[in-house]
Amino acid sequence: MERLKQMIGWQTVMGRPVTRGDFTVTPQSQALTIRWPNGGLVWNRPVAILVERGGQTERIRIVDITRVLQWGLLGFSLVLGIITVVLTVLHRRNRNG
Amino acid sequence: MGNKFDDIVVNAVNSQEQGIELMEKLIAVAQPGAVYSEPIASGDYTIITASEVSVGMGFGYGIGGGTMSGPAKGETATPDELESGEEEGGGFGGGGGGGGFSMGRPVAVISIGPAGVQVQPVRDVTKIALAFLTAAGSMLFMLSRMRQVSRF
């Protein structure tokens with residue numbers, strides 16, 4: 001288990017805060033790290049920013065529209081495929097009696 | 001022969017150390033600095049871009065060798081070796097290789113201005129269009145299959 005933890009890491013990291021005027025923006029990112037003896041893989045993506053103003057902190061999510069649309073279209077195609085298979089099977093059953 | 005083997009081993013160890021150094025650099029990509037750009041100020045506004053970053057790599061190496069009695073193929077024993085009967089041949093060799101990839105894609109633009117902080121998403125039209133065409137193709141295929149089934 002410990003070895004697996006060393007090999008695979010999933011962490012949310014806060015970046016360096018940027019102050020402009022009244023606002024302080026702190027970026028937040030999420031990184032997946034996979035390491036093996038002779039190589040590795042890192043996938044890092046922005047998650048949100050923390051906006052601080054007048055002692056109040058607001059979290060604004062960063063949505064990857066492209067990724068959401070890609071997964072949405074893939075999901076829609078899969079659902080349509082499943083419906084087609086179900087309808088085909090039902091139609092064959094009705095025809096055979 | 002011994003010196004040759006030592007050279008190969010030393011080179012292989014150096015390659016391994018370089019590979020580990022490269023791995024440490026790879027891990028640096030996991031930091032937020034790799035995802036968020038440095039702030040760019042323009043007038044009252046400050047812009048920060050946020051990107052998705054992926055990096056992967058792998059490397060490998062190997063060494064091998066062997067000895068055999070008698071002169072090696074293509075070599076002839078020296079008169080001293082023939083006299084002493086210490087004829088031997090063999091060789092050592094090694095090699096390595098590696099590969100990797102890196103990918104970056106803008107996801108959003110963060111603007112800090114007098115009106116506040118705004119996050120504007122970046123749409124990758126090419127990727128969306130490709131996904132849409134693939135989905136549309138599969139839908140058309142499914143619909144044609146459904147029609148075929150309903151005919152019989």
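**Strand pairing in chain A and its contact with chain B**

Across from I8(A), the bridge partner in β3(A) is I34(A). That pair belongs to a wider match in this predicted model: strand β1 (residues 8-14) of chain A and strand β3 (residues 23-36) of chain A run antiparallel and are joined by seven bridges.

β3(A) has other partners too. Strand β2 (residues 18-20) of chain A runs antiparallel to β3(A), with three bridges between them, and here V18(A) stands opposite V25(A). The two strands make a hairpin with two residues between them, and in that hairpin G21(A) takes a positive phi near 65 degrees. On to β4(A): β3(A) pairs with this strand over 13 bridges, again in the antiparallel sense. T26(A), for instance, has L50(A) as its bridge partner in β4(A). This pairing is a hairpin as well, with two residues between β3(A) and β4(A).

L41(A) is a handy place to look at how these pieces meet. This residue sits in strand β4 (residues 39-53) of chain A. Is L41(A) buried or exposed? The answer falls in between: L41(A) has 19 other C-beta atoms within 10 Å, so the residue counts as partly exposed, given that a buried label takes 20 or more. Setting aside neighbours within four places in sequence, L41(A) is in contact with I34(A) and with G56(B). I34(A) is the residue bridged to I8(A), and L41(A) and I8(A) themselves, 33 residues apart in sequence, are 9.5 Å apart in space, C-alpha to C-alpha.

The G56(B) contact leads over to the other chain. Chain B has three helices and four strands, and along the sequence they follow the pattern α-β-β-α-β-β-α. Of its 152 residues, 11% count as buried. Taking the contacts in chain B with a separation of 6 or more, 62% come from residues 24 or more positions apart.

As for the contact between the chains, 39 residues come from chain A and 46 from chain B. On the chain B side, at least two residues each are supplied by α1 (2-27), β2 (45-69), β3 (88-113), β4 (116-121) and α3 (125-151). Sorted by class, that side has 31 nonpolar residues, 10 polar ones and five charged ones.

Definitions and conventions: Residues are numbered from 1 along each chain as its sequence is written. Chains are lettered from A and ligands numbered from 1 in the order in which they are written. This is a predicted model: local features need pLDDT of at least 70, side-chain atom pairs count only at pLDDT 80 or more; totals for chains, interfaces and linings use all residues. Two residues are in contact if their C-beta atoms, placed from the backbone, lie within 7 Å. Ala, Val, Leu, Ile, Met, Phe, Trp, Tyr, Cys and Pro count as nonpolar, Asp, Glu, Lys and Arg as charged, and the others, Gly among them, as polar. A residue is buried if 20 or more other C-beta atoms lie within 10 Å of its own, exposed if 12 or fewer, and partly exposed in between; C-beta atoms are placed from the backbone. Two strands pair if DSSP finds at least two bridges between them.
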